[in-house]
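Trainee: I would like to go through this model feature by feature. Where should a reading begin?

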Amino acid sequence: MKNRINLYLLGLISILLALSGCSEEVGGGAGSFDTVIATASVSTADLDSDLATWTDVNGDGFVCGANDTFTVSSDDVTVDIAVDTKANLPSTREASKVSINKVSIAYSPANTTTPSLSTQFETLGVVVDPDSTATVSFKVASQDLKKSSILSPLVCSNTIYTYFVTLTFEGVEVDTNRTETFETTLNLRFADFANQ
Ligand SMILES: [Ca+2]
Ligand SMILES: [Ca+2]
């Protein structure tokens, strides 16, 4: 009986080892292609996104009055995307460019009072050479999202919604057509913050 259990454990361990051997030893969030590794790094780790920019129309020193007006503007983030030749690439093999086509923006509520938001997508169109970095900017908080029925009630309230945002980029290794994803994250707070 004991031998049988040992055999079972041995089998389990070898399966686990085989599974872990399938993935490349790269850092969390990196995309490992055949010839290169892609990583993303967001320039803003924490972003406060204002839901309304107010104009004190009647000049009484307060906003949110019946005569006051506000506008809604989107917020962008800037991300550096680095494509590096794999360390173990044979010298006979050429490193490929990577085409970055889109990014998904997933909003994970950071506390129980923050409601869930659906994942947004932005189209990108940048080709990154091996051993170089490209900078992309895109909307992390669109006007439509700010005007949505979930976020717009925060206008003229003191409530803040806090999200842990994961930006997942989809890249295609040009020479092999291999598709991989890679990620970076930021903290995002939505509220009607005071005008800057
Ligand atoms: Ca006013
Ligand atoms: Ca505001």
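Mentor: Begin with confidence. Over residues 17-25 the pLDDT stays under 50, and the model has one contact beyond four places in sequence for this stretch. Where pLDDT is low, the predicted coordinates should not be read in detail. This is a predicted model, with a mean pLDDT of 90 for the protein. Of its residues, 86% reach 70 or more.

Trainee: Next, the sheets. What is the strand order in the open sheet of four strands?

Mentor: The order is β1-β2-β6-β9, and the pairing is antiparallel. The edges are held by β1 (31-32) and β9 (132-141); each has a single partner strand, so one side of each has no neighbour in the sheet.

Trainee: How many bridges join β6 and β9?

Mentor: Nine bridges, in the antiparallel sense, with β6 covering residues 75-85. To fix the register, take A82, whose bridge partner in β9 is T133.

Trainee: T78 is in strand β6 too. Is T78 buried or partly exposed?

Mentor: Count the C-beta atoms around the residue. T78 has 13 C-beta neighbours inside 10 Å, and so counts as partly exposed; the cut-off for buried is 20 or more. Leaving aside neighbours within four places in sequence, T78 is in contact with S43, T135 and S137. T78 and V136 are 58 residues apart in sequence, yet their C-alpha atoms are 5.7 Å apart.

Trainee: What is the order in the open sheet of five strands?

Mentor: That sheet runs β3-β11-β10-β7-β8, with mixed pairing. Its edge strands are β3 (46-50) and β8 (120-128), each with a single partner strand, so one side of each is left without a neighbour in the sheet. On average, neighbouring strands of this sheet are turned by 30° against each other, direction ignored.

Trainee: In which sense do β3 and β11 pair?

Mentor: They pair in the parallel sense, over five bridges, and β11 covers residues 178-191. S49 has F190 in β11 as its bridge partner, and D46 stands opposite N187 in β11.

Trainee: How many bridges are there between β10 and β11?

Mentor: There are 13, and the pairing is antiparallel. N187 of β11 is also a useful marker here, since F164 stands opposite N187. β10 and β11 form a hairpin with four residues between them. In the turn, N177 has a positive phi of about 65°.

Trainee: Why look at positive phi values at all?

Mentor: Most residues other than glycine have a negative phi. D131 is a case to inspect: D131 is not a glycine, but has a positive phi of about 55°. D131 lies in the loop between β8 and β9 and is exposed, with 11 other C-beta atoms within 10 Å. C156, also a residue other than glycine, has a phi near 65°. C156 is in the loop between α2 and β10 and is partly exposed, with 14 other C-beta atoms within 10 Å.

Trainee: Now the interior. Which residues touch the most other members of the largest nonpolar core?

Mentor: In soluble globular proteins, nonpolar side chains tend to be buried together. The largest nonpolar core here has 30 residues, and A38, I81, V98, V165, L167 and F169 touch the most other members. The elements giving two or more residues to this core are β2 (36-42), β6, β7 (98-109), β9, β10 (161-173) and β11.

Trainee: With which residues is V165 in contact?

Mentor: Neighbours within four places in sequence aside, V165 is in contact with I105, A106, Y107, V140, T185, L186 and L188.

Trainee: K146 is in a helix. Is K146 buried or exposed?

Mentor: The same kind of count applies. K146 has 21 C-beta neighbours inside 10 Å and therefore counts as buried. The helix is α2, residues 143-146. Not counting residues up to four places away in sequence, K146 touches L51, V72, A141 and L151. K146 and A191 are 45 residues apart in sequence, and 9.6 Å separates their C-alpha atoms.

Technical notes
Residues are numbered from 1 along each chain as its sequence is written. Chains are lettered from A and ligands numbered from 1 in the order in which they are written. This is a predicted model: local features need pLDDT of at least 70, side-chain atom pairs count only at pLDDT 80 or more; totals for chains, interfaces and linings use all residues. Two strands pair if DSSP finds at least two bridges between them. A residue is buried if 20 or more other C-beta atoms lie within 10 Å of its own, exposed if 12 or fewer, and partly exposed in between; C-beta atoms are placed from the backbone. Two residues are in contact if their C-beta atoms, placed from the backbone, lie within 7 Å. Axes are lines fitted to C-alpha atoms, for helices over the stretch in contact, and angles run from 0 to 180 degrees between N-to-C directions. A nonpolar core is a set of buried Ala, Val, Leu, Ile, Met, Phe, Trp, Tyr and Cys residues joined through C-beta atoms within 7 Å. pLDDT is the predictor's confidence in each residue, from 0 to 100.
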